[in-house]
Amino acid sequence: MEDEKFDCIIVGGGVAGCAAAKVLADNNMKILLVEKGEWTGSKNVSGGVLYGPTPWEIFPELKNTLENPPFERFINRRRLSFMSDDSSFSIDYKSQKYDNVPYNGVSVLRSKFDRWLGEQVEESIAKSDFAEDSFVATEVMVEELIIKDGKVCGIRAGEDEFESDCVILAEGVNSLLTRSIGLQKEIVDAKYVATGIKEVWQYDQDLLEAKFQLDGLEGVSNEFVGCTKGIEGGGFLYTNKDSISLGLVLGIKDLRDSNETVYDLLDSFKDHTSIKPLLKGGKMVEYSAHVVPVGDIDMIPKQLYTDGAVVVGDAAGLVLNTGKSIEGMNLAMESGRQAALAIIEAKKKRDFSKASLKSYQDRLSESYVMKDLRNFQGAFHFIHNPDMFKKYPDLVNSIMNDVFLVDGQEKKKTRDIIKKAVDESDLSYWDLMKTSIQGGLSL
Ligand SMILES: Cc1cc2nc3c(=O)[nH]c(=O)nc-3n(C[C@H](O)[C@H](O)[C@H](O)COP(=O)(O)OP(=O)(O)OC[C@H]3O[C@@H](n4cnc5c(N)ncnc54)[C@H](O)[C@@H]3O)c2cc1C
């Protein structure tokens, strides 16, 4: 059995697990990546735009795939829309500065993208000294962690047991194993998680490119606020190669306390005047739902390591929500990379104890992951002000309506338009001032 012992077992073949496994295999470690789905990513749901350089650094092969990439489109146009029941106002930014590799963001369909990541892990394994002894095992569900003398030293899947010096828990938000060893609270409060629902609508590619004014591989991401009937959350629309991903992310606590259903909210979003025409000519081909951490730093365990194990990605609650987008995949990948680097160090020291694996948390604290999460916690609380989900989008649209209105009456000056809109809203000038100061300080 000692011969079969792995340096590291990674539980979960999502973006976090694949990133960790790739770094470990590239550094000649003997690994086992275990995924319960039919292939890595087969069960994964994401909106999803994968932001920043992290994926390009861990998987440099991405640069050689531009003719037929595993991602969908690079995002060089960002839109943020404020919706009221019958109108919407958008901030729209497009730049050629986002046209170059490593792209600022790429849209991905996870089942395809994560599958490619898994294949890259297999290629790295094949080039390592452990080509015959390291594996990517799919359709294997890890049921339990093996613990001896208080140290995690392997996994159990059905009748099979596999030993390792260390385990990386990359099992996603439904973190049963992580909770079983006390790294995550046994019951995660509903206020820390949201439910994401997503539809994929397919089009003829030329039609899609004409509809969204796309040239070549470029794509657009559009986030929406005010489309959730006052419930914490927002909407998204991302262009893929010949489809769009469209959906809502809704705070579970708020949703539970409301009388709304997810399906009605999604139908009403799709029926909105600025969405409905976009769906014409498309066909809904996929529907999925998944839970996602809301991005509250309080959900992140104080300690992300124990004797023989570390936790990464959604299982650790590592999601950044600044209001203009959700960043979960890049944080998951970066945490996977930092965990792998800490484990490579631990192997050199032959020490996989808690004290040694603490270096993972130290590394993560020094990386953009924890720096951004700490710096933007104020922003998280700012955008989770309940007024942001209805009253402010309504106010903005009421102002814009009068700004553009030509009704044969004497035109109003902007200050009078704003005064009228505020007087007619449920917001006071004090609310506006408080919000402006909070926004200024936190964003
Ligand atoms: C609707 C929606 C939209 C989103 N939009 C974006 C976006 O635009 N940009 C962004 O960056 N993020 C987005 N996110 C968040 C992002 O999807 C997550 O942060 C990211 O997927 C986390 O990656 P992960 O590898 O930690 O977990 P996951 O992607 O959930 O992967 C976990 C893997 O572990 C496997 N697994 C779990 N338990 C076991 C077990 N016991 N045994 C074996 N395998 C197991 C699962 O099958 C899965 O493959 C979105 C999320 C949702 C729900």
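**E119, at 38% relative accessibility, counts as partly exposed.** Here and in the other legends, buried means under 20% relative accessible area, exposed means over 50%, and partly exposed lies in between, with a 1.4 Å probe and protein chains only. The coordinates belong to a predicted model, in which local features need pLDDT of at least 70 and side-chain atom pairs count only at pLDDT 80 or more, whereas totals for chains, interfaces and linings use all residues. Residues are numbered from 1 along each chain as its sequence is written, and side-chain values use heavy atoms, with hydrogens and water left out. E119 belongs to helix α3, which spans residues 110-127; helices (H or I, at least four residues) and strands (E, at least two) are DSSP runs, numbered from the N terminus. Although 17 residues separate E119 from V136 along the chain, the C-alpha atoms of E119 and V136 are 8.9 Å apart.

**The ligand and the residues that come nearest to it.** The surroundings of the ligand comprise 35 residues, of which E35, V49, R110, D314 and M329 come nearest; a residue is near a molecule if one of its heavy atoms lies within 4 Å of it. Three polar contacts, each a pair of N or O atoms within 3.5 Å (within protein, one atom must be able to donate a hydrogen and the other to accept it, and residues adjacent in sequence count only if both atoms are side-chain atoms), can be followed in this view. In E35, a side-chain N or O atom is 2.6 Å from an oxygen atom of the ligand, while R110 places a polar side-chain atom 2.7 Å from a ligand oxygen. M329 takes part through its backbone, with an N or O atom 2.8 Å from an oxygen atom of the ligand. On its own the ligand has 1000 Å² of accessible area, and the protein covers 96% of this, where areas come from the Shrake-Rupley method with a 1.4 Å probe and, for residues, only the protein chains shown count as cover.

**The shell around the ligand, by element, domain and residue class.** Two or more residues each are given to the shell by α1 (15-26), β2 (31-35), β13 (233-239), β15 (283-293), β19 (326-327) and α9 (329-349). Domain 1 (2-71 + 108-184 + 301-366) and domain 2 (191-293) each supply at least three shell residues, the domain bounds coming from an automatic or database domain assignment. By class, the shell has 17 nonpolar, 12 polar and 6 charged residues; Ala, Val, Leu, Ile, Met, Phe, Trp, Tyr, Cys and Pro count as nonpolar, Asp, Glu, Lys and Arg as charged, and the others, Gly among them, as polar.

**S335 in helix α9.** At 0% relative accessibility, S335 counts as buried. A polar atom of the S335 side chain is placed 2.8 Å from the backbone oxygen of A332. Between S335 and A25, the C-alpha distance is 16 Å, and the separation in sequence is 310 residues.

**The cysteines C8 and C166, which form no disulfide with each other.** The structure holds 0 disulfides, a disulfide being a pair of cysteine sulfur atoms within 2.5 Å. For C8, the nearest cysteine sulfur is that of C166, 4.8 Å away; because this distance is too far for a bond, the sulfur of C166 remains unpaired with that of C8. C8 is buried at a relative accessible area of 0%, and C166 is likewise buried at 0%.

**Backbone geometry at P102, E139 and Q213.** Most residues other than glycine have a negative phi, and most peptide bonds are trans. The bond from V101 to P102 is cis, with omega near -5 degrees, and P102 sits in the loop between β5 (88-94) and β6 (105-107). E139, which is not a glycine, has a positive phi of about 55 degrees; it lies in the loop joining β7 (135-138) and β8 (144-148), and its relative accessibility of 58% makes it exposed. Q213 also has a positive phi of about 55 degrees without being a glycine, in the loop between α5 (205-211) and β12 (218-225), where Q213 counts as exposed at 57% relative accessibility.

**K412 in the loop between α13 (391-404) and α14 (414-424).** With a relative accessible area of 44%, K412 is partly exposed. The C-alpha atom of K412 is 8.1 Å from that of D402, which is 10 residues away along the chain.
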